[in-house]
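Visitor: I should like to learn how to read this structure. Where would you advise me to begin?

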Amino acid sequence: MKDCEKGFTLIELVIVIGIIAVFSGVIFQVIATTSAMMRNTSATTKRQMEIQEIENKLEALLLKTNKKIYYAYGSADGILGEIKEGEIKDEDKSLYLVSQEEENSAKEETLDVITWDQKGKTLIYEQIKLLNGQVINRIKETLAFHVIQFQIDLSGMEDHLVYFYVKIEKSGKQSEAKKSIYLRNSVVKESPF
């Protein structure tokens, strides 16, 4: 008589468990790699979005400016000194933009200031409304964090061009933008104060 036993032997069971463990390890590695790639892509996208917001804000302000433009050391509260070609000091840098409503009969001006706080690595925007030289309204907001470089070049103003460069660093990764903006209005390069 034949003895017929049905089922798995211990060796077959160990082999099946080993195969399942190998496939599980491969699947876990694929999931971990995909997750890391998604996080990296998400961080890159966020940095690019921040740079795009800075570009859009700068472009809108430059297109609106119709009176004066100035790039110097200092902040919205005052200029510490003009930035000379190739000169780099460990001080905040600001872009000053002065606009005046043409249909407005009163002497009302808007002073838009973009300040790069080097130590805090932030880009700060301030809008100051002036009436006959007196502040009537002031708005301040942070435009971007993690800004490790911000530079404006006014050398192309004769051709109505302003160049800017911004670099952001987050989680050890950097994103940058270089752009030229064509000014719609004739403006003078002059201190707003």
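Guide: Let us begin with a single side chain. Lys68 counts as buried, at 17% relative accessibility; buried means under 20% relative accessible area, exposed over 50%, and partly exposed in between (1.4 Å probe, protein chains only). Please note that this is a predicted model, in which local features need pLDDT of at least 70 and side-chain atom pairs count only at pLDDT 80 or more, while totals for chains, interfaces and linings use all residues. Residues are numbered from 1 along each chain as its sequence is written, and side-chain values use heavy atoms, with hydrogens and water left out.

Visitor: With which residue does Lys68 form a salt bridge?

Guide: The general idea is that side chains of opposite charge can pair when their charged atoms come close. The term salt bridge is kept for a side-chain nitrogen of Lys or Arg within 4 Å of a carboxyl oxygen of Asp or Glu. Here the partner of Lys68 is Glu190, and their closest N and O atoms are 3.2 Å apart. Glu190 lies in the segment after strand S10 (188-189), whereas Lys68 belongs to strand S1, so the pair ties together parts 122 residues apart in sequence. Helices (H or I, at least four residues) and strands (E, at least two) are DSSP runs, numbered from the N terminus. Unlike buried Lys68, Glu190 is partly exposed, at 39% relative accessibility.

Visitor: How many salt bridges does the structure hold?

Guide: There are 9. In one of them, the side chains of Lys179 and Glu59 meet at 3.3 Å, N to O. This pair also links distant parts of the chain, with Lys179 in strand S9 (residues 173-182) and Glu59 in helix H1, 120 residues apart. Both ends are partly exposed: Lys179 has a relative accessible area of 25%, and Glu59 is at 27% relative accessibility.

Visitor: Which residues join Glu109 in a salt bridge, and at what N to O distance?

Guide: The side chain of Glu109 meets that of Lys67, at 2.1 Å. Glu109 is in strand S4 (residues 108-117) and Lys67 in the loop between H1 and S1, 42 residues apart. Is each end buried or partly exposed? Glu109 is buried, with a relative accessible area of 15%, and Lys67 is partly exposed, at 22%.

Visitor: In what sense do S1 and S2 pair?

Guide: Two strands are said to pair if DSSP finds at least two bridges between them. S1 (residues 68-75) and S2 (residues 78-82) pair in the antiparallel sense over 4 bridges, and a hairpin through 2 residues joins S1 to S2. Tyr73 lies in S1, and its bridge partner in S2 is Gly81. Tyr73 is buried, with a relative accessibility of 1%. Its C-alpha atom is 9.5 Å from that of Trp116, though the two residues are 43 apart in sequence.

Visitor: Which residues of the largest nonpolar core touch the most other members?

Guide: A nonpolar core is a set of buried Ala, Val, Leu, Ile, Met, Phe, Trp, Tyr and Cys residues joined through side-chain atoms within 4.5 Å. The largest one here has 30 residues, and Ile69, Ile114, Leu123 and Phe150 touch the most other members. Helix H1 gives the most to this core, with 5 residues. Apart from it lies another core of 9 residues, including Tyr70, Val98, Val113 and Leu130.

Visitor: What does Phe150 touch?

Guide: Contact means heavy atoms within 4.5 Å. Not counting residues up to four places away in sequence, Phe150 touches residues including Leu58, Tyr71, Ile114, Trp116 and Leu123. A charged example is Lys167, placed in strand S8 (residues 161-170). Lys167 is buried, with a relative accessible area of 16%, and its contacts beyond four places in sequence include His146, Ile148, Gln174 and Glu176.

Visitor: Which residues make the nonpolar surface patch?

Guide: Patches are made of residues with over 30% relative accessible area and no salt bridge, like charges being joined within 9 Å and nonpolar side chains (Val, Leu, Ile, Met, Phe, Trp, Tyr) within 5 Å. Accessible areas come from the Shrake-Rupley method with a 1.4 Å probe, and for residues only the protein chains shown count as cover. Here Ile11, Ile15, Ile19, Phe23, Ile27 and Ile31 make a nonpolar patch of about 640 Å². Phe23 is found in helix H1 (residues 10-64) and is exposed, with a relative accessible area of 55%.

Visitor: Where is Met37 found?

Guide: Met37 is in helix H1, and it is exposed, with a relative accessible area of 51%. Its C-alpha atom is separated by 46 Å from that of Asn137, 100 residues apart along the chain.
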